[in-house]
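Load the model and keep the selection tool ready. The stops are ring pairs, a charge over a ring, and a cavity.

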Amino acid sequence: MSRSKGLALLCLLPFAVFFIVFQIAPLVWVLIHSVQSQDSGWGLANFSKIFSSKFYRQAIEHSLQISFWSSVFGIVIAVLGSYSLRKVDSRLRNFVNAFANMTSNFSGVPLAFAFIILLGFNGSITIMLKQAGIIEDFNLYSKTGLIILYTYFQIPLGVLLLYPAFDALREDWRESASLLGASSWQFWRFIGLPVLTPALLGTFVILLANALGAYATVYALTTGNFNVLPIRIAALVSGDISLDPNMASALAVILVGLMTLVTLVHQWLLKRTYHVAR
């Protein structure tokens, strides 16, 4: 082994130790405890109980629905915003990028408190919309309210991830397509979207993971009364209702499994996109 390779491996060692201690070891611990039951010992009793329980199935369903729709709405708005930023003055563009960077970290208790003030039962925007006759009632603490809340913190992250992707679209491509008689729709259908597809899919997966693992915001907003996977895992670990870390581990494995499935589908779609492009 050459000296340079040995030095590179030595520099990599702290990262490897950090990765093993804080990533691999907790995952192994969760996997081991997920197949241990307080009543029946080793086995799949925890998973059997989860999938036979309407309560836990509802938590999985709510998590998937909120994560999926907030990611869809978030990425659609982020695409429009990122594309629009390419067309505006550089000072406004820099301001919006800085604002997106700041708001992407605005989550948890402050975000929940802000939404309660604005869109709660007696929130300022809710009262104005009621007085204007636009809405009759709005429940921020429902699934629809949580989708709106999640979409809010998905948009800045989506803009930050997608904005650099538009660098891949060269202006002379549009001009060439126009000279050849292609319409704007044809340009996006055959050139723009295929070029942006890897970035769109990758961003969607990140937004989905961001929403699936969100805990502090939904807990602060609903005080743990809305049934989603992170809330159920935390409740079983802290013993709010009953202390069962093994069941919490099984739920965590399901959460990891959902993200693994999404990632595999993402990779499969990328391969299909690559082969079609070729």
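Relative accessible area sorts residues into three classes: buried is under 20%, exposed is over 50%, and partly exposed lies in between. This is a predicted model.

**Stop 1: a pair between loops**

Select F121. Its relative accessibility is 43%, and because partly exposed covers values between 20% and 50%, F121 falls in that class. Now add Y141. With a relative accessible area of 24%, Y141 is partly exposed too.

A search of the whole structure gives 13 aromatic pairs. F121 and Y141 make one of them: the ring centres are 5.3 Å apart and the planes meet at 50°, so the pair is tilted. Tilted is the class left between stacked, under 30 degrees, and edge-to-face, over 60.

Where does each partner of this pair sit in the chain? F121 is in the loop between α5 (109-119) and α6 (124-131). Y141 is in the loop between α6 and α7 (143-162). The two residues are 20 apart, and the pair links distant parts of the chain.

**Stop 2: a pair within α7**

Move to Y150 and F153. Their rings also form a tilted pair, with 5.1 Å from centre to centre and 45° between the planes. Both residues belong to helix α7; they are 3 residues apart, so about one helical turn separates them.

Buried or exposed? Y150 has a relative accessible area of 3% and is buried. F153, at 6% relative accessibility, counts as buried as well.

**Stop 3: the cavity**

Keep Y150 selected, for this residue is part of the lining of the largest cavity. Add H62, S63, I66, S67, A211, L212, A214, V228 and P230 to complete that lining. The volume enclosed is about 50 Å³. The count of cavities of 30 Å³ or more comes to 1.

Colour the lining by residue class. You should get 7 nonpolar residues, 3 polar and no charged.

Which helix gives the most to this lining? Show α3, which supplies 4 residues. α3 (54-85) and α9 (184-212) each supply at least two.

**Stop 4: a ring cluster**

Select F68, W69, F73 and F204. Ring pairs link these four into a cluster.

**Stop 5: a charge over a ring**

Finish at R189 and F190. R189 lies over the face of the F190 ring, at 5.0 Å from the ring centre. View F190 face-on, then turn to the side to see R189 over the ring.

Methods: Residues numbered from 1 in each chain as written. Predicted model: local features only at pLDDT ≥ 70, side-chain atom pairs only at ≥ 80, totals over all residues. Heavy atoms only, no water. 1 Å grid on protein atoms, 1.4 Å probe; cavity = no way out; pocket = protein on both sides within 12 Å on 5 of 7 lines; lining within 4 Å. Points joined across faces, edges and corners; volume = space filled by probe spheres on them. Nonpolar A, V, L, I, M, F, W, Y, C, P; charged D, E, K, R; others polar. Phe/Tyr/Trp six-rings, centres within 6.5 Å; stacked < 30°, edge-to-face > 60°. Buried < 20%, exposed > 50% of the residue type's maximum accessible area, 1.4 Å probe, protein only. Lys NZ or Arg CZ within 6 Å of the ring centre and 35° of its normal.
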